[in-house]
Amino acid sequence: MANPTMTLIASQTIGSGGASTFNFTSIPNTYTDLKIELSARTSATDGSSGQSAAITFNGSSSNYNLIYLLGIGAGVYNGTATNAWMYVCPSNWTGNTFSNSTCYIPNYASSNYKSMSIESTDENNGSNTYLDIVAALWSNTAAINQITLTAGGGNFVQYSTAYLYGIKNS
Amino acid sequence: MSDTPQAVDINCTTGEVTYRDLTADEIAAQQAAAAQAEADRQAREAEAAKVAADKASAEAKLAAIGLTADEIAALSK
């Protein structure tokens, strides 16, 4: 009988100096799926690229495609893009709040292209909220052994935290 | 503290965590990836703003020809 498990592979909370990049390396290929949880805030403002964190695999920034459903306040929008990223709370939004994002990557070690789903939420002083739901594809057959989260601007500030989980289906 | 952007490397096999300065190549690659992601984010939101403005304009025109607020709202349900 299948006995699925979810295991914390690694996590890191940014220290007082900040850092622009979470870089998970040497990811073992012994799990079925991967899941990233990111709670983050940047030192940049939303007007200067402080509201996103790019997701890249194995150091490659190529061959990503996605479709998104984006809610901003009461409005709902959709579209496509050629990279993968999460929303991050910028420095000029609600003080001491952090964004919440999840990225799920099934069959990350297979020789097929890698699909993923991403969900992000972000809030600004009760006057602006974001909910972003994404389906994405990385058109590369290599097993994922490195995941990099890069702040769109500035640094991830202290207490920003990324978790990497491995899920086994048996 | 260095002004060079720092990465935190988390080795998932050994558990070792290292803060280090990014190399020039890493800075260039990551800035490109981040810039593209940010450009896409801004494009998404510009599109969202345009849709919102178009909707408001359409609603104003409908109101101007006599539709009630409830009738206008019913069109998008």
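Q: How do you know that chain B is not a compact globule, going by its radius of gyration?
A: In this predicted model, chain B has a radius of gyration of 24 Å, whereas a compact globule of 77 residues would come in near 11 Å. The box tells a similar story: the C-alpha atoms of chain B fill roughly 70 × 25 × 20 Å along the principal axes.

Q: What makes a residue of chain B count as buried, and what percentage of the 77 residues get there?
A: A residue needs 20 or more other C-beta atoms within 10 Å of its own. In chain B, 18% of the 77 residues pass that bar.

Q: What makes up chain B, going from the N terminus?
A: The order is β-β-α-α, so you get two helices and two strands.

Q: What makes a residue part of the contact between chains A and B, and how many does each chain put in?
A: The test is a C-beta pair within 7 Å. Chain B puts in 29 residues and chain A 35. On the chain B side, strand 1 (6–11), strand 2 (17–21) and helix 1 (24–64) each supply at least two residues. Helix 1 of chain B gives the largest share, 15 residues. By type, that side of chain B splits into 17 nonpolar, six polar and six charged.

Q: Why is strand 2 of chain A said to pair with strand 1 of chain B?
A: Pairing takes at least two bridges. Strand 2 (residues 21–25) of chain A and strand 1 of chain B have five, in the parallel sense, so they count as paired. One of the bridges links A:Phe22 with B:Val8.

Terms used. Residues numbered from 1 in each chain as written. Chains lettered and ligands numbered in written order. Predicted model: local features only at pLDDT ≥ 70, side-chain atom pairs only at ≥ 80, totals over all residues. Helix = DSSP H or I, 4+ residues; strand = E, 2+ residues; numbered from the N terminus. Rg over C-alpha atoms; globule rule 2.2 N^0.38 Å. Buried ≥ 20, exposed ≤ 12 C-beta atoms within 10 Å, placed from the backbone. Contact = placed C-beta atoms within 7 Å. Nonpolar A, V, L, I, M, F, W, Y, C, P; charged D, E, K, R; others polar.
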